[in-house]
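User: I've got a model on my screen and I'd like to talk it through. Can you walk me through the fold and the charges?

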Amino acid sequence: MSLITFEHSFFSYPQQLKDLVSEGNVDFGIWYLMNDEQTSRRFEGLQIRYPERKLYPFARRDDNDDIACFEDADNNIVHIIHDFADSGWEQKEGLSNIDAWLEYIEECNLQDEIDN
């Protein structure tokens, strides 16, 4: 298994996210925290696909192209990005912090259970 550290030179991820990893909370149903290799690769791709934004990914939804990111120096707001969408159409949600994201992914999991 690849490491999840969120210790990258391109962004200072919030401690609350690192705490989830240290507590072993990395899999959240249809959402999961990306490992360091996935995070770096997705960061590079986001820079190409959305050059007008500085998106720093940390989690991915397993059943579609949605990813959770921080933007620029603001490491509080969690942006849900539908990756690979045309530029300008990628923003899906904006959540105030990690706790709001955790609530959001619970709703996603409940909806997934209803749909399946």
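**Fold and charges**

Analyst: Read along the sequence, the pattern goes β-β-α-β-β-α-β-β-β-β-α. Helices here are DSSP runs of H or I with at least four residues, strands are runs of E with at least two, and both are numbered from the N terminus. Keep in mind that this is a predicted model, where local features need pLDDT of at least 70, side-chain atom pairs count only at pLDDT 80 or more, and totals for chains, interfaces and linings use all residues. Residues are numbered from 1 along each chain as its sequence is written, and side-chain values use heavy atoms, with hydrogens and water left out.

User: How many salt bridges does a search of the whole structure find?

Analyst: Side chains of opposite charge can pair when their charged atoms come close. The cut-off is a side-chain nitrogen of Lys or Arg within 4 Å of a carboxyl oxygen of Asp or Glu. Searching the whole structure that way gives nine.

User: Which residue forms a salt bridge with Glu37?

Analyst: Glu37 sits in helix α2 (residues 36–49), and its partner is in that helix too, four residues apart, or about one turn. Glu37 is exposed, at 52% relative accessible area (exposed is over 50%, buried under 20%, partly exposed in between, with a 1.4 Å probe and protein chains only). The closest N and O atoms are 3.2 Å apart, and the partner is Arg41.

User: Is Asp83 buried or exposed?

Analyst: Asp83 meets Arg49 in a salt bridge, 2.7 Å from N to O. The pair links distant parts of the chain, 34 residues apart: Arg49 is in helix α2, and Asp83 is in the loop between β7 (74–82) and β8 (91–95). Arg49 is partly exposed at 26%. With a relative accessible area of 0%, Asp83 is buried.

User: How many residues apart in sequence are the parts that Arg53 and Glu90 tie together?

Analyst: Arg53 and Glu90 form a salt bridge, their closest N and O atoms being 2.9 Å apart. Arg53 lies in the loop between α2 and β5 (55–61) and Glu90 in the loop between β7 and β8, so the parts they tie together are separated in sequence by 37 residues.

User: Which helix gives the largest share of the negative patch?

Analyst: Glu93, Asp99, Glu103, Glu106, Glu107 and Glu113 gather in that surface patch. To be in a patch, a residue needs over 30% relative accessible area and no salt bridge, with like charges joined within 9 Å. Glu107, for one, is exposed at 54%. Five residues of the patch come from one helix, residues 98–115, which is α3.

Note on methods
Patches are made of residues with over 30% relative accessible area and no salt bridge: like charges are joined within 9 Å, nonpolar side chains (Val, Leu, Ile, Met, Phe, Trp, Tyr) within 5 Å. Accessible areas come from the Shrake-Rupley method with a 1.4 Å probe; for residues, only the protein chains shown count as cover. Lys and Arg count as positive and Asp and Glu as negative; His and the chain ends are not counted. The place of a charge is taken as NZ of Lys, CZ of Arg, CG of Asp or CD of Glu.
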